[in-house]
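User: I would like to go through parts of this model with you, one question at a time. Please give the cut-offs for your terms as they come up.

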Amino acid sequence: MKKNLLEEFYQHRLIKTWYRDNPEGWKLISGLWSPFYINLRDLPSYPEIFRETALELGKLVKESKVDKIVGIASAGIPIASAISYEYAIPMLYTRKLEGVRKLEELERKIREYGAHRVVEGVMKNGDELGLVDDLITKADSKLVARAQVLYEAEKRGIEVSCNKVFVVFDREQGGKETLEEHGVELHTLIQFKRNLSNLEKVMDEIEFEIIKDYLEQPEKYQSIEIQEKLKKIAIRKGE
């Protein structure tokens with residue numbers, strides 16, 4: 001399943017690469033430059049792949065026995081919605097807080113936000129909630145979403161737990177370890193680095209080798225000089 005699903009993501013350009021799609025590469029929210037970009041915001045545009053993804057990730061949710069799931073705005077909301085529908089698991093979702101990317105920025109934003117909810121949906125005292133998102137890199141957005149849930153519960157005068165995160169992709173760039181430091185479990189459908197070999201036959205050789213090397217030593221690729229070299233390689237390929 002994972003092998004076929006990973007190939008489908010690549011073929012439908014839900015996984016983009018600097019070589020095939022964008023010679024400039026991508027600057028991620030985490031601040032890292034990357035030669036590939038996983039864009040599951042377009043996943044619902046492909047209903048068969050979308051449903052299969054929801055079914056497979058939903059199995060992990062069911063096995064964990066959380067009471068409810070929380071879709072993280074914005075990419076996690078449609079995925080959580082599909083899991084909720086397929087498995088009849090109650091769902092909530094976080095509100096997008098503009099300008100908030102790290103925990104330390106959340107308190108300031110909440111003060112500005114006033115009486116508005118930062119999480120929509122019904123939660124009860126004692127609920128165990130699981131966060132659902134498309135992918136994880138450094139885990140900042142997951143910790144912000146968890147803090148939103150706990151803040152919202154406190155505001156409603158109830159106590160809940162929110163110590164599990166479910167994602168389609170783990171880029172395997174430190175997110176799992178960061179969550180563990182905060183006592184949060186990560187449940188992943190596809191670990192990208194470990195499953196990259198499944199894309200070797202559908203990628204060009206240099207495309208595959210660069211992404212493989214990047215996943216082993218991303219700091220090497222933060223150099224402007226290297227990024228320019230990769231840009232030239234991609235442009236020459238298109239000539």
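User: Which exposed residues does the face of H8 turned away from its buried side carry?

Analyst: This is a predicted model, in which local features need pLDDT of at least 70, side-chain atom pairs count only at pLDDT 80 or more, and totals for chains, interfaces and linings use all residues. Residues are numbered from 1 along each chain as its sequence is written, and side-chain values use heavy atoms, with hydrogens and water left out. Buried stands for under 20% relative accessible area, exposed for over 50%, and partly exposed for what lies in between (1.4 Å probe, protein chains only). On the face of H8 turned away from its buried side, the exposed residues are Glu205 and Glu216.

User: How many degrees of arc around the axis do the buried residues of H8 cover?

Analyst: The buried residues in H8 are Glu207, Phe208, Ile210, Ile211, Tyr214 and Leu215. They lie on the same side of H8 because the arc that they cover around the axis is only 170°, where the arc is that of the directions from the helix axis to the C-beta atoms.

User: Where does Lys65 lie, and what is its phi?

Analyst: Helices (H or I, at least four residues) and strands (E, at least two) are DSSP runs, numbered from the N terminus. Lys65 lies in the loop between helix H2 (47-64) and strand E5 (68-71), and Lys65 is exposed, with a relative accessible area of 67%. Following H2, Lys65 has a positive phi, near 65°.

User: What distance separates the C-alpha atoms of Lys65 and Gly130?

Analyst: Along the chain, Lys65 and Gly130 are 65 residues apart. Their C-alpha atoms are separated by 9.3 Å.
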